[in-house]
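Visitor: I would like to learn how to read strands and disulfides in a model. Please take me through one example.

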Amino acid sequence: QVQLVESGGGSVQAGGSLRLSCVGSSDAYNDGCMGWFRQVPGSARERVAVRYYSGEQTYYHPSTKGRFTISQDNAKRTLFLQMNSLEPEDTAMYYCAALRRDRRCYLLPDLDDYTYWGRGTQVTVSS
């Protein structure tokens, strides 16, 4: 079954940390073209941290720079998002996504380019 499964969300106070994980099936995991996204009800989904250009480039949402770190363990087909110094504005559903394995991502992909999406994990940060 082609799938991505996120975990690690939860409720924390401002200033706290969480580490999200996304495990992919062998067909879904694309080690050079995956990323984390988030969405608040009523708002558009946005990039949080994205690997592209075969994993050589990383995009971070400006509000997360210096606080969030994306990493991966390809042997375990797992993508991580370490989130430190969390703020109430980080509250959202967090998703991981991957491009289809036969596609390349030399430029930062649009959200519509991602074929596989997980179901999401909720992150709630209280003040």
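Guide: What follows goes through some strands, then the disulfides, then a surface patch. Keep in mind that this is a predicted model.

Visitor: Let me start with a single strand. Which residues of strand 11 lie on its covered face, and which on its uncovered face?

Guide: The general idea comes first. In a regular strand, side chains alternate between the two faces of the sheet. Strand 11 covers residues 121–126, and its covered face holds T121, V123 and V125. The uncovered face holds Q122, T124 and S126.

Visitor: How many bridges pair strand 2 with strand 11, and is the sense parallel or antiparallel?

Guide: Strand 2, residues 10–13, pairs with strand 11 in the parallel sense, over four bridges. To find the register, look for S11, which stands opposite T124 of strand 11. T124 is on the uncovered face of strand 11.

Visitor: How many bridges join strand 9 to strand 11?

Guide: Three bridges join them, and the two strands run antiparallel. Strand 9 spans residues 92–98. Y94 stands opposite T121 in strand 11, while M93 has Q122 as its bridge partner there.

Visitor: Which other strands pair with strand 9?

Guide: Strand 4, residues 34–39, is one of them: six bridges join it to strand 9, in an antiparallel arrangement. Here R38 stands opposite Y94. Y94 is therefore a useful residue to click on, since it faces R38 in strand 4 and T121 in strand 11, and strand 9 itself is largely enclosed by the rest of the structure. Strand 10, residues 116–117, also pairs with strand 9, over two bridges in the antiparallel sense. In that pairing, A97 stands opposite W117.

Visitor: Why is strand 9 described as largely enclosed?

Guide: Count the buried residues, where buried means under 20% relative accessible area. Six of the seven residues of strand 9 are buried, so the rest of the structure largely encloses this strand.

Visitor: Now the disulfides. How many are found in the whole structure?

Guide: A search of the whole structure finds two. One joins C22 to C96, with an S to S distance of 1.9 Å. C22 lies in strand 3, residues 18–24, and C96 in strand 9, so this pair ties together parts that are 74 residues apart in sequence. C22 is buried, at a relative accessible area of 0%, and C96 is buried too, at 0%.

Visitor: Which cysteines form the other link?

Guide: C33 and C105 form it, and their sulfur atoms are 2.0 Å apart. C33 is in the loop between strand 3 and strand 4, and C105 is in the loop between strand 9 and strand 10, so the pair ties together parts that are 72 residues apart in sequence. C33 and C105 are both buried.

Visitor: Is each link right-handed or left-handed?

Guide: Read the torsion about the S-S bond. For C22 and C96 the value is 45°, and the link is right-handed. For C33 and C105 the torsion is about -85°, so that disulfide is left-handed.

Visitor: What pattern do the disulfides of the chain follow?

Guide: Count the bonded cysteines along the chain: the pattern is 1-3, 2-4.

Visitor: To finish, which residues make the nonpolar surface patch?

Guide: Y53, Y106 and L107 make it, and the patch is about 360 Å². Y106 sits in the loop between strand 9 and strand 10, the loop that also holds C105.

Note on methods:
Residues numbered from 1 in each chain as written. Predicted model: local features only at pLDDT ≥ 70, side-chain atom pairs only at ≥ 80, totals over all residues. Heavy atoms only, no water. Buried < 20%, exposed > 50% of the residue type's maximum accessible area, 1.4 Å probe, protein only. Pairing = 2+ DSSP bridges. Patch = residues over 30% accessible without salt bridge, like charges linked within 9 Å, V, L, I, M, F, W, Y side chains within 5 Å. Areas by Shrake-Rupley, 256 points an atom, 1.4 Å probe, with all protein chains shown as cover. Salt bridge = Lys/Arg side-chain N within 4 Å of Asp/Glu carboxyl O. Disulfide = S-S within 2.5 Å.
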